[in-house]
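Thanks, everyone. Let me take you through one model, starting with a single residue and working outward.

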Amino acid sequence: MKKVCIVVTMVLFIVAARAGMAQGQDGWVQFKGFKYRLTTVEGTWSEAEAEAIRHGGHLATINSREENDWLVRTFGNDKSFWIGFYQPAGSQEPAGGWRWVSGERVVYTNWDGGQPDNYTGRDNYAMLLSGAGGRWHDVPLEGWPMTSRFRGIIKVKAELECAVFRGVEYCLTPSEGDWNQAEAEAIRHGGHLATINSREENDWLIRTFGNDKSFWIGFYQPAGSQEPAGGWRWVSGETAVSPTTTRAGTTTPCF
Ligand SMILES: [Ca+2]
Ligand SMILES: [Ca+2]
């Protein structure tokens, strides 16, 4: 009866999933509606920003301590990374005029002690400096020291809200619809509505996607089944946990 309840109470929202998009496979990692990855090669700030634009985004804008901490946890702090913060020509040195290349308002900064200092006389670009615990330094366009080049952190608005659990990516469908529309959307992304194979997976889905809305999952009852509990099956075809099969979604609690 538990699973019957899940399906019957789902009305509003829907969930889709896709296979093969787990963290690391294509280099992108998601955080709160955005996806991030490093530039493919080391270069100047301008070269890093150009690559970010090719991916449809910019060098990272960092809007909170939470985001800054997540970036350091995700990409490490043993190398320096360009971010999208720069100081336009003619700004008051050393701290005047800094802005985000995305155009977003500056609501958070995390300069290291004594920074920005315009040390070289042309420190007009910001980076997460290696070994500085996620604090920022102003450096010249081609990095500091002069001969060094760096990778940048690219940030792009995510098409779908997704999260990864045990190597499988789970995403919310971008709009509300009926069960069939949700499943069609899931198939377009290479997966199915979620198959849920354990209490742990179910709990993770609720923690991740919340419980203030209802979500479709991939459980349904074929026509002709014995009512109300007979014949229920997963649209993915799964009958038990299968680590190679796509599954995704979230649910309403029926415990
Ligand atoms: Ca400067
Ligand atoms: Ca500096």
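Start at Q115. Q115 sits in the loop between β6 (99-100) and β7. Keep in mind that this is a predicted model.

So, is Q115 buried or exposed? Buried, because 21 C-beta neighbours lie inside 10 Å, and 20 is enough to count. Who does Q115 touch, leaving aside neighbours within four places in sequence? W136, H137 and D138. Take D138. It is 23 residues from Q115 along the chain, yet the two C-alpha atoms are separated by 6.7 Å.

Now to M127. Not counting residues up to four places away in sequence, M127 touches S80, F81, W82 and I83. It also touches W136, H137, V139 and F150.

That brings us to the largest nonpolar core. It has 25 residues. Which members touch the most other members? L59, W82, I83, M127 and I153. The elements giving two or more residues to this core are α2 (45-54), β5 (81-86), β7 (125-128), β8 (136-139) and β9 (151-157). The largest share comes from β5, with 5 residues. Apart from this core lies another, of 17 residues. Its members include C162, A194, I196 and W234. As general background, nonpolar side chains in soluble globular proteins tend to be buried together.

Last, the whole chain. There are 5 helices and 13 strands. Of the 255 residues, 35% count as buried. And the contacts? Among those between residues at least 6 apart in sequence, 69% join residues at least 24 apart.

Definitions and conventions. Residues numbered from 1 in each chain as written. Chains lettered and ligands numbered in written order. Predicted model: local features only at pLDDT ≥ 70, side-chain atom pairs only at ≥ 80, totals over all residues. Core = buried A, V, L, I, M, F, W, Y, C linked by C-beta atoms within 7 Å. Buried ≥ 20, exposed ≤ 12 C-beta atoms within 10 Å, placed from the backbone. Helix = DSSP H or I, 4+ residues; strand = E, 2+ residues; numbered from the N terminus. Contact = placed C-beta atoms within 7 Å.
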